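Open the model in your viewer and keep the selection panel at hand. The stops below say what to select next and what is there.

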Amino acid sequence: MGLEMRVLLVLAMAICLPSAAYAAEGTATFYTPPYVPSSCNGYQNDGVMIAAASDAIWGNRAACGRSYRVTCTGATNQGVPQPCKGTSVVVKIVDYCPPGCRGTIDLSQEAFAAIANPDAGKIKISYTQV
């Protein structure tokens, strides 16, 4: 492999690895309908792939409209021992989960069910802004 090709390969790895490797960790819970009104959009219907942000990511409403890819990474000490379905979901932040919120991200019931068994109630997650 020529020097130019090695340099390009190293540069590509340097650019790609940080974005692939940086995922925040936290927990997720879920809430059930009705999903309106929401803190971000009032009575606007934002569908069901939505979430409420805890203080960890809320940023005084700065999180409104942001999308996050959320992946179940494991069980908490409660609920189902192996809740994860091996998938991820992209959700849009439309609401605020106030102090006392049990998770970093409070997913809609539909979003939670897409990545984990709802009987778990609370799961460990990794999440990245998309």
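Select cysteine 64 in this predicted model. Its relative accessibility is 25%, so cysteine 64 counts as partly exposed. Add cysteine 40, to which cysteine 64 is joined by a disulfide with an S to S distance of 2.0 Å. Cysteine 40 is buried, at a relative accessible area of 14%. The two ends come from distant parts of the chain, 24 residues apart: cysteine 40 sits in the loop between β1 and β2, and cysteine 64 in the loop between α2 and β3. Look along the S-S bond: the torsion is -80 degrees, and the link is left-handed.

How many disulfides does the structure hold? There are three. Numbered in sequence order, the bonded cysteines pair as 1-2, 3-4, 5-6.

For another of them, select cysteine 72 and cysteine 84, whose sulfur atoms are 2.0 Å apart. Cysteine 72 belongs to strand β3, while cysteine 84 lies in the loop between β3 and β4, 12 residues apart from it. Cysteine 72 is buried at 8% relative accessibility, whereas cysteine 84 is partly exposed at 31%. This link is left-handed, with -65 degrees about the S-S bond.

Now select cysteine 97 and cysteine 101, joined by a disulfide with S to S 1.9 Å. Is this disulfide left-handed or right-handed? The torsion about the S-S bond is about 95 degrees, so the link of cysteine 97 and cysteine 101 is right-handed. Cysteine 97 is buried at 7% relative accessibility; cysteine 101, at 22%, is partly exposed.

Return to the loop between α2 and β3 and select asparagine 60. Asparagine 60 is not a glycine, yet its phi is positive, about 50 degrees. Its relative accessible area of 70% makes it exposed. Arginine 61 is in the loop between α2 and β3 as well. Here phi is also positive, about 80 degrees, although arginine 61 is not a glycine. Arginine 61 is partly exposed, at 43% relative accessibility.

Most residues other than glycine have a negative phi, and most peptide bonds are trans. For peptide bonds that are cis, go to the loop between β1 and β2, where proline 34 and proline 37 lie. The bond joining proline 33 and proline 34 is cis, with omega about 5 degrees. The bond from valine 36 to proline 37 is cis too, with omega near 0 degrees.

Next, select the largest nonpolar core, a set of 23 residues. Val70, Ile93, Ile105, Leu107, Ile115 and Ile123 have the most contacts inside it. Elements that each supply at least two residues of this core include β3 (67-75), β4 (88-96), α3 (109-115) and β6 (123-129). Another core, of six residues, lies apart from it, and among its members are Tyr31, Ile50, Val94 and Cys97.

Isoleucine 105 is worth selecting alone. Beyond four places in sequence, isoleucine 105 touches Thr27, Ala28, Thr29, Ala51, Ala52, Ile57, Val70, Ile125 and Tyr127.

End at lysine 122, in the loop between α3 and β6. Which side chain of opposite charge is nearest to lysine 122? That is aspartate 106, 10 Å away; lysine 122 is buried and has no salt bridge. Its side chain instead reaches the backbone oxygen of arginine 102 at 2.9 Å. Leaving out neighbours within four places in sequence, the contacts of lysine 122 include Thr27, Ala28, Thr29, Arg102 and Phe112.

Notes: Residues are numbered from 1 along each chain as its sequence is written. Side-chain values use heavy atoms; hydrogens and water are left out. A nonpolar core is a set of buried Ala, Val, Leu, Ile, Met, Phe, Trp, Tyr and Cys residues joined through side-chain atoms within 4.5 Å. Buried means under 20% relative accessible area, exposed over 50%, partly exposed in between (1.4 Å probe, protein chains only). Helices (H or I, at least four residues) and strands (E, at least two) are DSSP runs, numbered from the N terminus. Contact means heavy atoms within 4.5 Å. Lys and Arg count as positive and Asp and Glu as negative; His and the chain ends are not counted. A salt bridge is a side-chain nitrogen of Lys or Arg within 4 Å of a carboxyl oxygen of Asp or Glu. A polar contact is a pair of N or O atoms within 3.5 Å; within protein, one must be able to donate a hydrogen and the other to accept it, and residues adjacent in sequence count only if both atoms are side-chain atoms. A disulfide is a pair of cysteine sulfur atoms within 2.5 Å.
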